[in-house]
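User: Could you take a close look at one helix pair in this model and at the nonpolar core around it? I would like one connected account.

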Amino acid sequence: MNVGIVGSGYVGTTVAACLAHLGHDVTNVDVDRSVVEAVEDGRAPVDEPRLDELLAEYGGNRLRATTDYDALSDAELIFVALPTPSNEDGSVDTSVVEAGAESLGPVLAERGDYPTVVVKSTVVPGTTADLIRPALERTSGAVAGEDFGVAVNPEFLREGSAVDDFLSPDKLVFGTDDDDRAEDALCGVFAPLVDAEDPPVVSTGTREAEMIKYANNAFLATKVSLINELGNICKEHGVDAYEVAEAIGLDDRISERFLRSGLGFGGSCFPKDVAAIIAAARAKGYDPELLQAAMDVNDKQPRRLLSLVDRHVDVAGERVAVLGLAFKPHTDDVRNSRAIDVIRGLRERGAEVVAYDPVASENMRDYFPDLTYADSAAAALDGAAAAVVATDWPEFADLDSEFDAMATPVVVDGRRVVTRREGLVYEGLTW
């Protein structure tokens with residue numbers, strides 16, 4: 001099929017590359033010319049495993065990129081994968097998605113076929129029907145359901161494994177409002193994936209599809225905060241939370257996934273999506289106390305980690321190494337990283353922070369341009385009075401003699417990645 005993608009961030013680029021891999025001809029539209037040039041040259045504009053190899057194979061041929069919406073004039077199906085950042089009150093800012101829909105409208109005008117616009121951006125229930133569909137109709141002069149289709153297809157891609165998640169999905173969600181032609185288009189574009197992997201396909205309405213995305217992330221975020229709350233209690237009683245989690249994870253009603261207690265969740269999805277659904281609920285007059293509690297527990301984990309540092313070292317005037325800046329390993333994304341709050345807390349205490357991350361240091365400069373960034377974990381640890389592990393990069397598990405170069409060998413591990421050993425003052429956050 002001839003497929004268009006509006007937006008080339010983590011989601012849009014991954015979806016575009018994977019659809020090209022499935023055999024479709026894909027055109028990616030983005031306003032950032034440097035991103036367009038990267039895709040055309042076969043280079044990934046974001047750091048994501050396997051994405052480079054797909055772009056190297058398909059970029060500039062089966063996958064094209066441009067800043068021109070007119071390039072989508074022949075697309076049978078167009079995904080909208082634009083950002084929906086948070087407003088100050090946690091609600092969703094849909095201005096970028098609405099602007100994208102308005103720019104897409106003229107592409108739908110006077111089409112003889114029946115193109116389908118698919119919202120892949122994360123939006124609260126009713127956004128597609130109440131904002132995006134009217135914007136498309138207003139700027140195209142066409143009628144949804146008669147001249148073009150509208151659908152919702154939420155993404156469930158984890159940064160660090162997005163390509164694998166797309167190509168081996170747990171489920172596919174197709175949201176349409178009694179539009180068989182739009183659903184047929186979705187079935188067509190995902191047919192190679194369904195034939196190969198046979199994932200469950202959920203056919204539902206647009207509002208339900210929008211809510212499924214939020215419910216999915218809210219459930220997982222709450223599970224993380226619950227195991228962190230239990231982990232905090234375990235720590236107070238001298239109990240290893242990981243042994244407890246291993247046991248309860250054997251219950252198939254619970255499962256072992258997302259039971260790694262520690263510093264908490266970050267990134268562009270869980271914090272934003274939980275805040276958005278909380279704001280959406282409150283706008284309807286309902287106070288979602290459990291979801292707010294999940295956010296509160298998550299926010300306090302960096303403070304608990306810093307209190308463990310305080311037990312062992314007065315960091316005022318001292319060098320402190322922060323290992324890991326990305327919100328999770330295998331990505332360069334630092335949005336809502338727990339390391340941000342840790343660094344701020346250390347600097348408020350007067351510490352001289354030296355940070356290291358395999359790939360995310362440049363992105364963290366946007367938050368801390370004057371911070372000292374080391375080229376290796378060993379360089380960050382050299383002469384440090386304490387070290388904090390904020391991201392569970394596998395290479396941190398191999399550190400050993402590097403700790404001997406510290407002024408005082410104090411390690412507070414927020415991710416259970418460093419091995420406790422003799423000669424090391426080691427504190428686990430929940431163990």
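**The α11 and α12 pair**

Analyst: Happy to. In this predicted model, α11 and α12 are oblique to each other, because their axes cross at roughly 45° and an angle counts as roughly parallel under 35 degrees and as roughly perpendicular from 65 to 115. Helix α11 covers residues 289–312 and helix α12 residues 338–348, and their axes come within 9 Å. The crossing has a right-handed sense. On the α11 side, the residues that meet α12 are Asn298, Asp299, Pro302, Leu305 and Leu306; their partners in α12 are Arg338, Asp341, Val342, Gly345 and Leu346. By character, this contact is made of five nonpolar, two polar and three charged residues.

Now to the core. The largest nonpolar core holds 55 residues, and the members that touch the most others are Leu323, Leu325, Phe396 and Val411. Both helices of the pair are among the elements giving two or more residues to this core, along with strands β9 (319–323), β10 (352–356), β12 (386–389) and β13 (410–413), and helix α14 (377–381). The largest share, five residues, comes from α12.

Leu325 is worth a closer look. Apart from neighbours within four places in sequence, Leu325 contacts Ala339 and Ile343, and also Val334, Ser337, Ala355, Tyr356, Asp357, Ala360, Ser361, Met364, Tyr373 and Thr391.

There is also a second core, separate from this one, with 39 residues, among them Ala16, Ala17, Ala65 and Leu77.

Definitions and conventions:
Residues are numbered from 1 along each chain as its sequence is written. This is a predicted model: local features need pLDDT of at least 70, side-chain atom pairs count only at pLDDT 80 or more; totals for chains, interfaces and linings use all residues. Side-chain values use heavy atoms; hydrogens and water are left out. Axes are lines fitted to C-alpha atoms, for helices over the stretch in contact, and angles run from 0 to 180 degrees between N-to-C directions. Helices (H or I, at least four residues) and strands (E, at least two) are DSSP runs, numbered from the N terminus. Angles under 35 degrees count as roughly parallel, over 145 as roughly antiparallel, 65 to 115 as roughly perpendicular and the rest as oblique. A crossing is left-handed if the near helix is turned anticlockwise from the far one by less than a right angle, and right-handed if clockwise. Contact means heavy atoms within 4.5 Å. Ala, Val, Leu, Ile, Met, Phe, Trp, Tyr, Cys and Pro count as nonpolar, Asp, Glu, Lys and Arg as charged, and the others, Gly among them, as polar. A nonpolar core is a set of buried Ala, Val, Leu, Ile, Met, Phe, Trp, Tyr and Cys residues joined through side-chain atoms within 4.5 Å. Buried means under 20% relative accessible area, exposed over 50%, partly exposed in between (1.4 Å probe, protein chains only).
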